[in-house]
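Let's take a walk through this structure together, one stop at a time. Have the sequence and the 3D view ready.

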Amino acid sequence: MPITPEQQAEIDAQRSQQAQTLRATVPGMEAHLYKAHPVLDHGLVRVIDYMGDDGAIVQAARVSYGAGTKHTSNDAGLINYLMRHWHSTPFEMCEIKLHVKLPVFVARQWIRHRTANVNEYSARYSILDREFYIPAPEHLAAQSAVNNQGRGEMLQGEEAARVLDMLKSDAGRAYDHYEQMLSQEGQEGLARELARMNLPANVYTQWYWKIDLHNLFHFLRLRADPHAQYEIRVYADTICEIIRDWVPLAYAAFEDYRLGSVQLSSKGIDAVRRMVKGEEVTAENCGLSAREWRELVGVLEG
């Protein structure tokens, strides 16, 4: 369960508050404010605050005082141009602050994106909850034989059950010991900053994460990719749905020019040009490595 009844009551109270403002607001994002979107078994994503909209991107690019005389079609065309030509600063005019609850091992992947402001729940100050990520059976997979950081065939039957049992029992035992170290009868328990080191990487942590739209798109391009690890990809997919309601023109451009696009090397472009001219291009005469050739063929064949 991502949130408790008490937390839901707090969210409902926040969402019931109304305030007048002159700042740009987006109805789609107002509907997301404070709402907890469940992810995995105990995780969540919540919008805490946001700044800007599609208009802010256009305004920054034109350095204008307001909407001016441009129409939506012109705005979409400009945003597409900015995205297509890798302009960044206009997209940095928009920011979002998220509350994210996620397993520690996912957080360690996530934090590699260093272009955000982060404040994480402190296990030196507070006690972590007894909540652990346990994969659903359909997400238990063996190590890939060809990709050192990927998954292979799904585990089946008794092997899957054995792994799930170990994950659950190890996590439970570690947390039992965590509690015992924190509370010693008749004396002070072990310091929280030391007791936490016994907890496994699938325990849940939480943080506030604030980032501008340009760097958020970079995060989503990598983490919403089908090749990304499932456990971080589902968070990225959830954020994508939120961003689509916030900046629909910018997100459409992002889908077209980032998520749905591919990048070709100069040799790859040369190979495609030769194919268009009717030449027979093969792995042997294309000038690409074997892997690059396989990737190019995969893109062209869909």
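**A tour from surface to helix**

Let's start with L264, which is partly exposed, its relative accessible area being 36%. Keep in mind as you look around that this is a predicted model. You'll find L264 in the loop between α10 (248–259) and α11 (266–276). It has company there: V262, L264, I269, V299 and L300 make a nonpolar surface patch of about 390 Å². L264 can count towards such a patch because its 36% is over the 30% relative accessible area that patch residues need.

Now step back along the chain into α10 itself. Here the picture turns inward, with A250, Y251, A253, F254 and R258 buried. Those residues are on the same side of α10, because they cover an arc of only 160° around the axis.

Next, let's look at charges. Side chains of opposite charge can pair when their charged atoms come close. How many salt bridges does a search of the whole structure find? The search comes up with 14 salt bridges. One pair to look up is E193 and R124, whose side chains meet in a salt bridge at 2.6 Å, N to O. This pair links distant parts of the chain, 69 residues apart: E193 sits in helix α7 (residues 192–195), while R124 is in the loop between β4 (117–120) and β5 (141–143). As for how open they are, E193 counts as partly exposed at 36% relative accessibility, and R124 counts as exposed at 53%.

Another salt bridge joins R130 and E179, with the closest N and O atoms 3.2 Å apart. R130 lies in the loop between β4 and β5 and E179 in helix α6 (residues 157–182), so this pair ties together parts that are 49 residues apart in sequence. R130 is partly exposed, at 40% relative accessibility, and E179 is also partly exposed, with a relative accessible area of 39%.

For a pair within one helix, turn to E241 and R244. Their salt bridge has its closest N and O atoms 2.8 Å apart. Both residues lie in helix α9 (residues 230–246), 3 residues apart, which is about one turn of the helix. E241 is partly exposed, with a relative accessible area of 46%, and R244 counts as partly exposed too, at 28% relative accessibility.

One last stop takes us back to R130 and E179. Together with D176, they're joined into one network by salt bridges that share partners.

Key: Residues are numbered from 1 along each chain as its sequence is written. This is a predicted model: local features need pLDDT of at least 70, side-chain atom pairs count only at pLDDT 80 or more; totals for chains, interfaces and linings use all residues. Side-chain values use heavy atoms; hydrogens and water are left out. Patches are made of residues with over 30% relative accessible area and no salt bridge: like charges are joined within 9 Å, nonpolar side chains (Val, Leu, Ile, Met, Phe, Trp, Tyr) within 5 Å. Accessible areas come from the Shrake-Rupley method with a 1.4 Å probe; for residues, only the protein chains shown count as cover. A salt bridge is a side-chain nitrogen of Lys or Arg within 4 Å of a carboxyl oxygen of Asp or Glu. Helices (H or I, at least four residues) and strands (E, at least two) are DSSP runs, numbered from the N terminus. Buried means under 20% relative accessible area, exposed over 50%, partly exposed in between (1.4 Å probe, protein chains only). The arc is that of the directions from the helix axis to the C-beta atoms.
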